[in-house]
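Biologist: Please give a close account of the largest pocket. I should also like to know how the charged side chains are paired, in terms that a first-year student can follow.

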Amino acid sequence: MKSDHIEQKNTGLGMTVLLMLILALFGRGVSYVNTAAATDISYAAWVPAALSYLGELIVCARTVLGIAGITFAMYFFGKPTALRFLAGTAGAALADYAARFGIDLATKAIAEMEFLAASWLFMQFLYEMLFVVLSCVVAGAMKAKMERTEVRRQAEKYTVNRACTVSLLLVMLSRLALELWYIVDFLLAYTNITAAETAAMVGTVLKVIVIYGGAAVLLGEWYTELLKKRYGGLQNVKNA
């Protein structure tokens, strides 16, 4: 029986990592097509813009699945399994960034800038991993609060769904802060801002809120519920 529980937990981990790898592969494909569309005048101007949004949404979805999986594992399987989910999430992210670098290298998009490109991608990987690790900390802290709370209504503030949402909102707030910092820096450096530039800045802020806020939270909620339905019955086998 214990081995069956271990197998089911490993299946949950494998499913999550596989989905993240599929998203990474799909995202690289979209990125490649986007680059081709942006340099080909036969495409309408909206095509590369739409592909850019889609590509960012896919990257966001990959991160969401990782954070949701880690949070679920912390609540239902315990810290050791959550750390395995974390390692799987890191591996999928690393594969994504490595593929991105490989494609750019093969297409000579980063000719004579290989080191700079690799450094930038590595910084992006570390930035993503910061919030992946933070999601593990948030899940552990909120789970502990839920277990210490005797009043059911108060305990509902610290459910697995809430913990996942908190971690995802932290990602959104960090990205929003970065965008606002870029905007403030731009406004301080330039005068006579055009209407098009203002619209672009507003659009960037809205994009962060929609993709990393609304879409991320909805996807996180859906995937958490999916994991609960498939593997929630194993919550009492934490040491398996």
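Modeller: A pocket is an open set of points, on a 1 Å grid over the protein atoms alone, where a 1.4 Å probe fits and protein lies on both sides within 12 Å along at least five of seven lines. Its volume is the space filled by probe spheres set on the points, which are joined across faces, edges and corners. The model is predicted, so local features need pLDDT of at least 70 and side-chain atom pairs need 80 or more, while totals for chains, interfaces and linings use all residues. Residues are numbered from 1 along each chain as its sequence is written, and side-chain values use heavy atoms, without hydrogens or water.

The largest pocket has a volume of about 1000 Å³. It is lined by 30 residues (each with an atom within 4 Å of a point), and Glu56, Arg100, Trp120, Gln124 and Arg175 are the closest to its centre. Sorted by class, the lining holds 15 nonpolar, 8 polar and 7 charged residues; here Asp, Glu, Lys and Arg count as charged, Ala, Val, Leu, Ile, Met, Phe, Trp, Tyr, Cys and Pro as nonpolar, and the others, Gly among them, as polar.

Several helices (DSSP runs of H or I, at least four residues, numbered from the N terminus) build this lining. At least two residues come from each of H1 (2–38), H2 (46–76), H3 (79–106), H4, H6 and H7 (195–231). The helix that gives the most is H1, with 8 residues. H4 spans 114–148, and H6 spans 160–189.

Glu56, one of the residues closest to the centre of the pocket, leads on to the charged pairs. The whole structure contains 5 salt bridges, each a side-chain nitrogen of Lys or Arg within 4 Å of a carboxyl oxygen of Asp or Glu. Glu56 is paired in this way with Lys207, and their closest N and O atoms are 3.0 Å apart. Glu56 belongs to H2 and Lys207 to H7, so this pair links distant parts of the chain, 151 residues apart.

Another of the salt bridges joins Asp96 to Arg28, with 2.7 Å between the closest N and O atoms. Because Asp96 lies in H3 and Arg28 in H1, the pair ties together parts that are 68 residues apart in sequence. Asp96 is buried, at 2% relative accessible area, and Arg28 is also buried, at 8%. Buried means under 20% relative accessible area and exposed over 50%, with partly exposed in between (1.4 Å probe, protein chains only).

A further salt bridge connects Lys228 and Glu225, at 3.2 Å from N to O. These residues stand 3 apart in H7, so about one helical turn separates them. Lys228 is partly exposed, with 27% relative accessibility, and Glu225 is partly exposed as well, with 28%. Elsewhere, Arg28, Arg62, Asp96 and Glu128 are joined into one network by salt bridges that share partners.

Two other residues complete the view of the helices. Leu54 is located in H2 and is partly exposed, at 33% relative accessible area. Its C-alpha atom is separated by 26 Å from that of Arg162, and the two residues are 108 apart along the chain. Val133 is placed in H4 and is partly exposed, with a relative accessible area of 40%.
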